[in-house]
Amino acid sequence: MPCHISSKAPSIYNPQLNNQTLGPLKSAVFRLLGREVLDCTRLGRGFFNVVYGLKMADGEQLVARITYNFKTDEKSYQWIQDRLTREILVLKLLKHLDHTLPVPQIYVWDFDPSNSVDAPFSVMERLYGEDQWSAWPKLTSEEKIKFVQSLADASARIFKVSMPSIGSLEKLTNENHPIVGPFIRMPSDPRTGGPYATIDEYLAAELQPWTASGQSEYEFSVPELFERLHVLAHRLVPRDAPPMLRPVLFHTDLDVRNVMVNDGIVSGIIDWEVCPNFTLLLITDPS
């Protein structure tokens, strides 16, 4: 499952470059954790992040994730920091509500791209196993059934986390109660995106023709089309099924690279950078 990486990504940790140096990372980990890193081994990478295994002097194995692919303008910097900060909050909330969920605990982080590492990074618990993409072909039919059941169980437990509204987790109170803010949008997206108290508010905002109205290139009125879609969506909402309208956490990138497998079951779900709150109705795939 190839992932194209641009050699123009600014960080020295870009996997396409050969001038990576891990000295600053080791020093930063020691400064933040007070623990010495003996060795770093690259474990993998995605479009935005590269992951290293850290062998600590006390024998423990940790993971460092470095964001290498980001734009250097102020708005993009803020977008990266918002995404990574929301992930910290989501994982903290999940661990607080169900400490047995197969998600990593993040110990320390520094999301300022101008830090001593010259890139946003975090250090977290290491979850053992291999990604689903690599593991799946080697599983027997019985093991595949066992794995799918464990993934369904983990997903159901995550869906039990009720949120107060539709949007993205913005902060936690001292009692770890979630406070919801707007969705994390791409820097180029002009929409504000919530939070929304109800599914009707969300649908009205999403179906509102925020693109320029006026002369249409089509043979119909775009605003009129959106108005009809709004009426239709309102009628399709199952008012007699309140559980389907409950906002819950949703991992939007439950890709085979982000699900780890060990002994035929899910051993880890990673990359929670984009985890909005949607209702079960919006999450469910009718197909």
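## Helix α1, its sheet and the H251 site

Just after helix α1, G34 adopts a positive phi of about 70°. The model described here is predicted.

Helix α1 spans residues 23-33, and L25, A28 and V29 are buried in it. Viewed down the axis of α1, the buried residues fall within an arc of 100°, so they line one face of the helix. These buried residues pack against four strands, namely β1 (37-45), β2 (49-56), β3 (61-67) and β5 (121-125).

An open sheet is formed by 5 strands in the order β1-β2-β3-β5-β4, with antiparallel pairing. Its edge strands are β1 and β4 (106-110), each of which pairs on one side only. On average, neighbouring strands of this sheet are turned by 20° against each other, direction ignored. Strands of a sheet pair through backbone hydrogen bonds, either parallel or antiparallel. Within this sheet, β2 and β3 run antiparallel and are joined by 7 bridges. K55 stands opposite Q61 in β3.

A second site centres on H251, which is located in the loop between β9 (247-249) and β10 (259-262). With a relative accessible area of 7%, H251 counts as buried, because that value is under the 20% limit. The polar contacts of its side chain are listed below.

| Side chain | Backbone partner | Distance |
|---|---|---|
| H251 | nitrogen of L254 | 3.4 Å |
| H251 | oxygen of D271 | 2.9 Å |

Leaving aside neighbours within four places in sequence, H251 is in contact with N258, I269, I270, D271, W272, V274 and C275. D271 thus appears in this contact list and also offers its backbone oxygen to the side chain of H251.

Key. Residues are numbered from 1 along each chain as its sequence is written. This is a predicted model: local features need pLDDT of at least 70, side-chain atom pairs count only at pLDDT 80 or more; totals for chains, interfaces and linings use all residues. Side-chain values use heavy atoms; hydrogens and water are left out. Buried means under 20% relative accessible area, exposed over 50%, partly exposed in between (1.4 Å probe, protein chains only). Helices (H or I, at least four residues) and strands (E, at least two) are DSSP runs, numbered from the N terminus. The arc is that of the directions from the helix axis to the C-beta atoms. Contact means heavy atoms within 4.5 Å. A polar contact is a pair of N or O atoms within 3.5 Å; within protein, one must be able to donate a hydrogen and the other to accept it, and residues adjacent in sequence count only if both atoms are side-chain atoms. Two strands pair if DSSP finds at least two bridges between them. Axes are lines fitted to C-alpha atoms, for helices over the stretch in contact, and angles run from 0 to 180 degrees between N-to-C directions.
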